[in-house]
Amino acid sequence: MPRGVFRNLALPVLTLLLASAMAACKSAPVAEAPVTTPPAFESGPAAQPAEKVDETAGFREADTSAEPVRESASSLAEKLNAQGVLKRIHFDFDRYELKSDAIRTLGDDAAAMKQYSQFKVRIEGHCDERGTVEYNLALGEKRARAARDYLVSLGTPANRLSIVSFGKERALDSGHNEEAWALNRRAEFSFLTE
Amino acid sequence: MKLLRRFAWLSLPLAFTAATTVAKQEAQAPPTEAPIPSVPIIRIVGAARPKIPIALPAPQSPAGARAQEVAGTIRDTVRDDLDFSGFFSIVPEEYHKLVRLDAGGRIAFKEWQGIGADALVFGALGPEPATLVFEGRLYDTADQKVLLGKRYRGEPDQARLIAHRLSNEIVQQYTDQPGISLSRIAFVSQVGKGKEIYVMDYDGARPKRITANGSINLSPAWSPDGRQIAFMSYRSGAPELMIINHEGELAKAFAQQGGLNSAPAWSPDGDTLAFTSSRDGNAEIYLLRLADRSLTRLTHSDAIDTSPAWSPDGRQIAFTSDRAGSPQIYLMDAGGGNVRRLTTEVSYCDAASWSPQGDKIVFTARVPGGFDIFLKDLKTDQMGRLTEHANINEWPRWSPDGRHLVFASNRTGNFDIYTMDVDGSRVRRLTRGGNSYSPSWSR
């Protein structure tokens with residue numbers, strides 16, 4: 001190799017020995033090569049400085065020590081929710097129209113909401129696992145909105161009802177079959193504090 | 001098999017063959033949707049241009065197990081980067097023993113040529129234990145000359161970073177295109193009942209959790225400069241658009257009053273976020289100008305409009321809408337006008353992503369048995385299928401060089417992040433054991 005090559009590149013001093021490094025290198029699967037020394041990197045008088053390696057935008061590891069605070073519901077609202085006073089409704093795949101059994105259920109739910117009129121109600125829209133996160137978020141919103149609109153049409157004050165979509169993020173059944181999917185395509189209702 | 005066209009910047013010929021697969025309308029498909037015409041879906045079966053055979057002998061290293069491990073990590077990482085790039089074939093290591101490593105103080109170029117190596121990477125690790133100094137040199141064995149020489153200094157735990165830097169230089173040397181070895185992938189992964197945002201290297205190494213609020217955090221999207229990630233979070237109860245920067249500082253993207261705010265997508269110039277909001281009562285696509293937090297509504301339909309994806313020139317936006325009865329991909333101008341439907345072949349298409357070259361759009365489509373990833377060539381209007389019948393394959397996103405895709409799949413039972421070449425070949429699994437999805441590849 002011509003001697004000028006490294007000098008032209010102004011590469012720095014690094015005189016190194018290979019010695020047994022080849023054989024010891026963990027990924028070398030073969031017997032040692034019959035070799036004594038490696039082609040040593042030549043020295044150059046004007047060694048260029050090494051490039052500093054940096055994470056330009058490495059993103060920080062999140063602080064996991066601070067545990068999130070969960071809000072607690074009033075005991076009565078919690079109790080009613082635990083008892084399942086408000087019944088969930090279900091939807092067909094990729095649909096947000098209310099089915100006839102859902103309409104019947106919503107009639108019962110509206111009555112219960114009237115009975116416990118001191119509580120606001122949150123309507124959650126949910127989807128099965130098929131389809132993307134984003135599409136299902138929008139679909140879950142449509143489902144929650146369809147339920148809300150019908151409850152309002154039954155006389156439930158709109159200002160008592162809030163909606164939120166969880167898309168496919170909160171499955172009731174984590175299975176990957178028709179039964180699980182049917183269960184997961186739903187709107188759920190819960191009493192809120194105050 | 002018919003050769004259709006060459007993709008200019010890569011000279012990567014893609015061979016298309018008509019596959020036997022024809023999507024059939026499913027029983028559950030909405031009744032408003034017309035039956036699928038029996039148009040054969042074109043399957044891309046991948047052919048590549050000749051690869052450059054490259055040999056990477058073990059780097060020189062000071063004695064000691066630790067030094068040799070670091071040197072080995074750097075070499076292995078460079079090798080994997082070059083292999084992944086698709087431009088190189090790695091000369092098998094067992095051939096190296098046929099070459100004299102020291103031919104009288106010279107490199108035995110002819111012997112390296114003899115085992116098929118057109119290119120050769122020699123590396124050397126510096127002797128200092130507290131700091132990592134690595135020098136890499138790339139040789140052309142035919143011309144018997146150095147093509148590039150680079151010396152890097154870093155912290156002892158930055159072996160992979162140094163390797164990626166060197167890999168990028170080597171790719172640049174041969175292709176005149178920047179390598180992607182320093183790019184990263186953001187994704188969502190389940191932690192207990194919560195879902196948090198993670199960032200990892202493009203090869204799946206060094207995963208790092210960047211949110212820890214215990215809530216549901218979804219849909220990470222890189223800013224073009226790689227210094228910020230927009231995502232959606234339920235941390236305040238309602239789904240809100242947030243932005244986190246690389247310092248870990250978290251802020252709401254703008255003042256939001258309930259309803260759905262999701263699906264952020266950064267414009268190529270970094271000035272604007274396209275996103276989905278139900279703030280006016282229905283899921284529509286909006287633009288958020290980050291300088292003054294002003295909002296512009298782009299879509300007006302009673303249907304679902306979501307998942308905006310920018311064209312690389314920032315002039316158009318692809319999105320999903322079910323305005324025709326089931327989700328399909330539509331295109332519109334970035335001002336909201338000139339809306340037209342892109343996909344007609346399959347009854348359910350979603351999650352478009354525009355290639356960096358602007359000539360293709362990938363998306364997820366529902367097929368019998370699950371979801372697969374498809375590609376639409378905007379010039380030829382041809383459709384290619386990139387995955388086939390393995391449960392759910394979704395949310396494809398382009399690598400910065402437009403040669404690879406990252407996506408989520410539950411082919412093993414749980415959702416994991418995978419990459420593949422843009423012809424559907426060389427599928428690699430990047431995550432394991434979690435429930436990980438919604439990948440976004442940094443520019």
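How many residues of the lining of the second largest pocket are nonpolar, how many polar and how many charged? The exercises below work through this and other features of a predicted model.

**Exercise 1. Describe the second largest pocket.**

Step 1. Start with the volume. The second largest pocket holds about 600 Å³ of space.

Step 2. Find the lining. It takes in 30 residues. Nearest the centre of the pocket lie Trp266(B), Trp310(B), Ser353(B), Arg397(B) and Arg443(B).

Step 3. Assign the lining to secondary structure. The elements giving two or more residues are β12 (217–222), β16 (261–266), β20 (305–310), β24 (349–354), β28 (393–398) and β32 (436–441), of chain B.

Step 4. Sort by character. The lining has 19 nonpolar, eight polar and three charged residues. That answers the opening question.

**Exercise 2. Decide how many disulfides the model has, and check Cys127(A) and Cys349(B).**

Step 1. Recall the bond. A disulfide joins the sulfur atoms of two cysteines covalently.

Step 2. Apply the cut-off. Two cysteine sulfurs must lie within 2.5 Å. The count over all chains is zero.

Step 3. Check Cys127(A). It is in no disulfide, and the nearest cysteine sulfur, in Cys349(B), is 18 Å away.

Step 4. Check from the other side. For Cys349(B), the closest cysteine sulfur is that of Cys127(A), and 18 Å is too far for a bond.

Step 5. Ask about burial. Cys127(A) is buried, at 2% relative accessibility. Cys349(B) is buried too, at 1%.

**Exercise 3. Characterise helix α1 of chain B.**

Step 1. Take its length. Helix α1 covers residues 65–85 of chain B, 21 residues in total.

Step 2. Compare its span with expectation. From first C-alpha to last, α1(B) reaches 30 Å, close to the 30 Å expected at 1.5 Å a residue.

Step 3. Test its surroundings. Of the 21 residues of α1(B), 15 are buried, so the helix is largely enclosed by the rest of the structure.

Step 4. Look past its end. Gly86(B) follows α1(B), with a positive phi near 85 degrees.

Step 5. Look for a cavity lined by the helix. α1(B) gives three residues to the lining of the second largest cavity, the largest share.

**Exercise 4. Trace salt bridges in chain B, and say what they connect.**

Step 1. Get the total. The whole structure has 37 salt bridges over all chains.

Step 2. Take Arg428(B) and Asp83(B). Their side chains meet at 3.4 Å, N to O. Arg428(B) is in strand β31 (residues 428–429) and Asp83(B) in helix α1 of chain B, so the pair ties together parts 345 residues apart in sequence. Arg428(B) is partly exposed at 27% relative accessibility. Asp83(B) is partly exposed at 28%.

Step 3. Take Arg160(B) and Asp203(B). The closest N and O atoms are 2.8 Å apart. Arg160(B) sits in helix α3 (residues 159–175), and Asp203(B) in the loop between β10 (194–201) and β11 (208–209) of chain B, so this pair ties together parts 43 residues apart in sequence. Arg160(B) is partly exposed at 26%, and Asp203(B) is partly exposed at 23%.

Step 4. Take Asp416(B) and Arg429(B). Their closest N and O atoms are 3.0 Å apart. Asp416(B) lies in strand β30 (residues 416–421) and Arg429(B) in strand β31 of chain B, 13 residues apart. Asp416(B) is buried at 0% relative accessibility, whereas Arg429(B) is partly exposed at 28%.

Step 5. Look for a network. Salt bridges link Arg75(B), Asp76(B), Arg79(B), Asp80(B) and Glu93(B).

**Exercise 5. Describe the second largest cavity.**

Step 1. Count the cavities. There are seven of 30 Å³ or more.

Step 2. Take the volume. The second largest cavity has about 70 Å³.

Step 3. Name the lining. It has 13 residues, with Ser85(B), Val171(B), Gly179(B), Ile180(B) and Asp401(B) nearest the centre.

Step 4. Sort by character. The cavity lining divides into six nonpolar, four polar and three charged residues.

**Exercise 6. Summarise chain A.**

Step 1. Count the elements. Chain A has six helices and five strands.

Step 2. Write their order. Along the sequence, the pattern is α-α-β-α-β-α-β-α-β-α-β.

Step 3. Take the burial. Chain A has 194 residues, and 46% of them count as buried.

Methods
Residues are numbered from 1 along each chain as its sequence is written. Chains are lettered from A and ligands numbered from 1 in the order in which they are written. This is a predicted model: local features need pLDDT of at least 70, side-chain atom pairs count only at pLDDT 80 or more; totals for chains, interfaces and linings use all residues. Side-chain values use heavy atoms; hydrogens and water are left out. Buried means under 20% relative accessible area, exposed over 50%, partly exposed in between (1.4 Å probe, protein chains only). On a 1 Å grid over the protein atoms alone, a cavity is a set of points where a 1.4 Å probe fits but cannot get out, and a pocket is an open set with protein on both sides within 12 Å along at least five of seven lines; lining residues have an atom within 4 Å of a point. Grid points are joined across faces, edges and corners, and a volume is the space filled by probe spheres set on the points. Helices (H or I, at least four residues) and strands (E, at least two) are DSSP runs, numbered from the N terminus. Ala, Val, Leu, Ile, Met, Phe, Trp, Tyr, Cys and Pro count as nonpolar, Asp, Glu, Lys and Arg as charged, and the others, Gly among them, as polar. The expected span of a helix is 1.5 Å times one less than its number of residues. A salt bridge is a side-chain nitrogen of Lys or Arg within 4 Å of a carboxyl oxygen of Asp or Glu.
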